[in-house]
Amino acid sequence: MAETASRRPAPPDVDRRAASEAAVAARRARAAVKKSIASREVSPLTVLDHATAQPDGVEGRLRVTEFLLSVPAIGTTKMNEALAKLGISPAKRLGGLGRHQRLRLRDFLIERENKAGRQRNQLVVLAGPTAVGKGTVSTYIRENYPDVLLSVSATTRAPRPGEVDGVNYYFVDDEEFDRMIEEGELLEYATVHNAYRYGTPRGPIEKALDDGKSVLLEIDLQGARSVRESMPEARLIFLLPPTWEELVRRLIGRGTEDSAEQARRLETAKVELAAQDEFDHRVVNHDVAEAAREVVDLMKVRAAPSRP
Ligand code: 5GP
């Protein structure tokens, strides 16, 4: 054995130095995250979400023990009780939690925030079939309810007449969209109508929730499902047309798509309508101002109890 070990070449000095410098930098970055949780600068839930998006990133490499100990008012006893109750081994890192462990840990953190009277601000997803008027309702909310942050998505489709970059969407090319995915910048993303990619930037949402604002995402059904998976406390609202005929009329009437695209979107709409039972609430879009008020009213209600 000793002979084998002695024959193994030692890493060059420069490699060892680089590795130890990288380890020191990683430790410092983890210490900075813990400090910002302890000072309430950042919510533990936000850190957990980052860890989920990038298990090998700084947050993902945090041990669950050091993470919990940095949460204000959690000491060793409470931490041990929590880990036992949640069925999480103290050796685990945040990025290595199983799906159920992560969801139980999220519920535990949300419950603590609610008990402390710091109700987590609302993340609300507005979805519904194509042409139902989601865009019009969300624009109305942006213009009339300044306390609600309307998330601006990134998309690879071209702007329509009158659409403004940074207001309606961030219009990006495929390369930039790939970069956003790779760097974990998107909370969710999907290819919609088999055509273009759309995604929700994570940073502005987390900042708004931490600043005490409510956030509204206007996204498609796949996106709504991804958000439910990663942030189960989000409230999902389904916008319905008054009738199917009205939906067809609105889609053809707006004249922004050619007939092949209209047919494709109507097919998608049928499938999407069938998913309405997955949602927490349904709002019928008879009238834009009324539907917008109903959506905003729902944002003020306490978060739904956590799901199993
Ligand atoms: P449009 O091209 O008509 O603006 O939008 C097409 C569809 O993409 C709509 O159903 C809209 O809700 C959805 N969408 C817009 N932004 C996002 C997003 O960030 N993520 C997902 N998953 N869907 C989005």
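Here are three short exercises on the ligand and its pocket, each with a worked solution.

Before you start: this is a predicted model, with local features needing pLDDT of at least 70 and side-chain atom pairs counting only at pLDDT 80 or more, while totals for chains, interfaces and linings use all residues. Residues are numbered from 1 along each chain as its sequence is written, and side-chain values use heavy atoms, leaving out hydrogens and water.

**Exercise 1.** Work out which residues surround the ligand.

- Step 1: Take residues with a heavy atom within 4 Å of the ligand. There are 16, and Lys134, Ser153, Arg157, Tyr169 and Tyr198 come nearest.
- Step 2: Sort them by class: 5 are nonpolar (Ala, Val, Leu, Ile, Met, Phe, Trp, Tyr, Cys and Pro), 7 are charged (Asp, Glu, Lys and Arg) and 4 are polar (the others, Gly among them).

**Exercise 2.** Find polar side-chain contacts of the ligand (N or O pairs within 3.5 Å), then check its burial.

- Step 1: On the oxygen side, a ligand oxygen sits 2.7 Å from a side-chain N or O of Lys134.
- Step 2: For nitrogen, look at Glu188, whose side chain has an N or O atom 2.7 Å from a ligand nitrogen. Asp220 also puts a polar side-chain atom 2.7 Å from a ligand nitrogen.
- Step 3: The protein buries 94% of the 510 Å² that the ligand exposes when taken alone (Shrake-Rupley, 1.4 Å probe).

**Exercise 3.** Describe the lining of the largest pocket, where the ligand's space lies.

- Step 1: Lining residues have an atom within 4 Å of a point on the 1 Å pocket grid, an open set for a 1.4 Å probe with protein on both sides within 12 Å along at least five of seven lines. The ligand counts as sitting there if more than half of its atoms lie within 2 Å of the grid points.
- Step 2: The lining splits into 13 nonpolar, 13 polar and 13 charged residues.

Methods:
Polar contact = N/O pair within 3.5 Å; in protein donor to acceptor, adjacent residues only side chain to side chain.
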